[in-house]
Amino acid sequence: MLVMGVESSCDETGLALYDSDAGMLGHVVNSQHTIHGKYGGVVPELASRDHVLKLVPLLDELLNITAKDLKDIDLIAFTNGPGLLGPLLTGASFSKSLAWTLKIPSIEIDHLEAHIFSPMISEKSLKPPFISLLVSGGHTILSSVNTSTNYDVLGKTLDDSAGEVFDKVARHLGLPYPGGPQISKASAKTSSSSFKFPRPMINTNCYDFSFSGLKTHVTQSVNKNILTEELISNIAFDFENAILDVLISKTLRAATDLNVDNIVISGGVSANKRLRERFENEKRNKNIFFPDIAFSTDNGAMIAYMGYLKYHKDIKSSLEINPSPSSRLA
Ligand code: KG4
Ligand code: ZN
């Protein structure tokens, strides 16, 4: 079975082909960072317009690199939410029209679920149950994944998501959008700790997170100082360690409390190098799984793979286009 995945929930247009026997055949992604960079965040209307421009050329490129033809595709999986309404509509319209033309089914995919299962694309032995930490630009959710359709959300952020805080702190430091990779690059230049930033809710009994206090603390330090390259690195280093302390401590505690051996970390922030290293170093006796770096940030591969996991032969694909900006997980 050959599944095409289409991702367009925010500022990445991603397409991929997943073969149930051979695995991921190829994926292509266009990032709109240069379009939104000058505004410091995603402008929904510009995002929608760029998806419209990129979907068909990306489809041609995907078929080209995988040496496949449109008629080889058996199923089209597309992101139906959560995300920005305009961008979601572009991917949904494209996917449903193409599926209708090819007389094949289409399937709606929850973007957050696709992130959660993305490490299974390359880690064939990984299966639920596992503890999932999803850390992206829009969400921070800790859940217990019991089966591929049954989850218990243990906790989530009460205010900003982890990725959002990376982006906002970076903006204060004068670093370009998206800020997560920039913070990571700046913090890698130092190992000297000079700022004592808070670790919000690290010792509370619940599994919820709160990052807005940390963000305020960091921005106050930025405002009090004259920014030099060295200071930017020091602040980035201490900020990164503070947020990682909270994420790692709560996730490991959930795995211990629920007696679950496997921990899966996914979403854009899971591309963070220090987060990966520290989870590995501090994992105690747990097994830690990450997606391939290319499948951490938004991509079509995780959507194609989720389509494959969710497919069943009685699938009903209406022509109705009904994106859902929120997720049942959120
Ligand atoms: O999953 P994603 O691509 O989009 C959403 O579903 O939201 O996540 C994007 C987020 C952005 O906030 C970005 O700054 C963050 O992931 N991110 C990182 C890194 N790479 C991307 N955060 C920290 N370190 C990174 N290396
Ligand atoms: Zn995402």
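Biologist: What supplies the largest share of the shell around ligand 1?

Modeller: H5 does, with 3 residues. H4, helix H5 (162-172) and helix H6 (179-187) each give at least two residues to that shell. Helices here are DSSP runs (H or I, at least four residues), and strands are runs of E (at least two), numbered from the N terminus. By the way, this is a predicted model, where local features need pLDDT of at least 70, side-chain atom pairs count only at pLDDT 80 or more, and totals for chains, interfaces and linings use all residues. Residues are numbered from 1 along each chain, chains are lettered from A and ligands numbered from 1 as written, and side-chain values use heavy atoms, without hydrogens and water.

Biologist: What makes His111, His115 and Asp298 donors of the zinc ion (ligand 2)?

Modeller: Distance: NE2 of His111, NE2 of His115 and OD of Asp298 lie 2.0 to 2.1 Å from the zinc ion, and donors are N, O and S atoms within 2.8 Å of the metal (3.2 Å for Na, K and Ca). So these three qualify. Their spacing in sequence is H-x3-H-x182-D. His115 lies in helix H4 (residues 111-117) and Asp298 in the loop between strand S10 (287-289) and helix H10 (301-310), so the pair ties together parts 183 residues apart in sequence.

Biologist: Why is His115 called buried?

Modeller: Its relative accessibility is 0%, and buried means under 20% relative accessible area (exposed is over 50%, partly exposed in between; 1.4 Å probe, protein chains only). Asp298, at 14%, is buried by that cut-off too.
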